[in-house]
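Open the model in your viewer and keep the selection tool at hand. The stops below are meant to be taken in order.

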Amino acid sequence: MEIYKAEKLNLSESIIAIGAFDGVHRGHQAVIQEAVRESKKRRIPSVVYTFDPPPRTYFQGAYILTSIEEKIQKFKKLGVDYVIVAQFNESYIKRTPNSFINELKHLSPKNIRVGEDFRFGKNRKGDVALLKNHFFVQTVSEVCCNQGLRISSTRIRNMVFEGDLKKTESLMGLDSSL
């Protein structure tokens, strides 16, 4: 697996999973696994595009569930070929949605996988509909726990603060090979 900074990788074709992936929990794993599965089927590289720090941490000071080093190790175990780590900082947040789209064009995506609520660009003006104007995009439905509740980084953070580590491990998928 190779790791790149934003705007440094060019590919002739790819399958991309995009997200903050803080925690690389079971919901994130579903997005990434679908991208990896599709890339293997088509015999083209898989790419995870992620952010350091996660946007929620940058804007709201949210606790980081997984360091970038841990995330990269989890991506590797999921079989990802390339990881792009965008430094989420003052400069990055000023990027327009079209700037992000132009960067993705350098990866020649045949398919992009994102969560249903994916937003990008300055003031979160870019959304899945805009991305679909330029690429074939598939949203991955939310993943729920046994109780039917959505698995999310925010929910896991709350459980960590409440000291409910057993449930956290289940949502993170720590009982699996990750």
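This tour goes from the whole chain to an aromatic cluster, then to a pocket and a few backbone details.

**Whole chain**

The model is a predicted one. Start with a cartoon view, where eight helices and eight strands can be picked out. Fit the C-alpha trace to the window: along its principal axes the trace spans about 45 × 35 × 30 Å. The radius of gyration is 16 Å, which agrees with the value near 16 Å for a compact globule of 178 residues. Colour by accessibility next; buried residues make up 47% of the 178 residues. Then turn to contacts: of those between residues at least 6 apart in sequence, 75% join residues at least 24 apart.

**Aromatic cluster**

Show the aromatic side chains. The structure holds 14 aromatic pairs. Select F51 and F88 to see one of them: the ring centres are 5.9 Å apart and the planes stand at 85°, so this pair is edge-to-face, as angles over 60 count as such. Where do F51 and F88 lie? F51 is in strand 3 (residues 46–52), while F88 is in the loop between strand 4 (82–87) and helix 4 (90–93), so the pair ties together parts that are 37 residues apart in sequence. Both F51 and F88 are buried.

Keep F88 selected and add F59. The F59 and F88 rings also form an edge-to-face pair, at 5.7 Å centre to centre with 80° between the planes. F59 belongs to helix 2 (residues 55–60) and F88 to the loop between strand 4 and helix 4, so here the linked parts are 29 residues apart in sequence. Are F59 and F88 buried or exposed? F59 is exposed, with a relative accessible area of 53%, whereas F88 counts as buried at 10% relative accessibility.

Now widen the selection to Y49, F51, Y58, F59, F88, Y92, F100, F118 and F120, which ring pairs link into a cluster.

**Largest pocket**

Switch on a surface and find the largest pocket, whose volume is about 1200 Å³. To centre the view, select A20, R56, D117, F118 and R124, which lie nearest the pocket centre among its 41 lining residues. F118, one of these, is also a member of the aromatic cluster.

Colour the lining by element. Helix 1 (26–42), helix 2, helix 4, strand 5 (109–115), strand 6 (119–120) and helix 7 (153–162) are the elements that give two or more residues to it. Which element gives the largest share of the lining? That is helix 2, with four residues. Recolour by class, and the lining shows 18 nonpolar, twelve polar and eleven charged residues.

**Backbone details**

Return to sticks and select D52 and P53. The peptide bond joining D52 and P53 is cis, with omega about -5°. P53 sits in the loop between strand 3 and helix 2.

Move to E7, in the loop between strand 1 (2–5) and strand 2 (14–18). The phi of E7 is positive, near 70°, in a residue other than glycine. E7 counts as exposed, at 58% relative accessibility.

The last selection is R43, in the loop between helix 1 and strand 3. R43 is not a glycine either, yet its phi is positive at about 60°. With 76% relative accessibility, R43 counts as exposed.

Key
Residues are numbered from 1 along each chain as its sequence is written. Side-chain values use heavy atoms; hydrogens and water are left out. Rings of Phe, Tyr and Trp (its six-membered ring) pair if their centres lie within 6.5 Å; planes under 30 degrees apart count as stacked, over 60 as edge-to-face and the rest as tilted. Buried means under 20% relative accessible area, exposed over 50%, partly exposed in between (1.4 Å probe, protein chains only). On a 1 Å grid over the protein atoms alone, a cavity is a set of points where a 1.4 Å probe fits but cannot get out, and a pocket is an open set with protein on both sides within 12 Å along at least five of seven lines; lining residues have an atom within 4 Å of a point. Grid points are joined across faces, edges and corners, and a volume is the space filled by probe spheres set on the points. Ala, Val, Leu, Ile, Met, Phe, Trp, Tyr, Cys and Pro count as nonpolar, Asp, Glu, Lys and Arg as charged, and the others, Gly among them, as polar. The radius of gyration is taken over C-alpha atoms; the globule rule is 2.2 Å times the number of residues to the power 0.38. Contact means heavy atoms within 4.5 Å.
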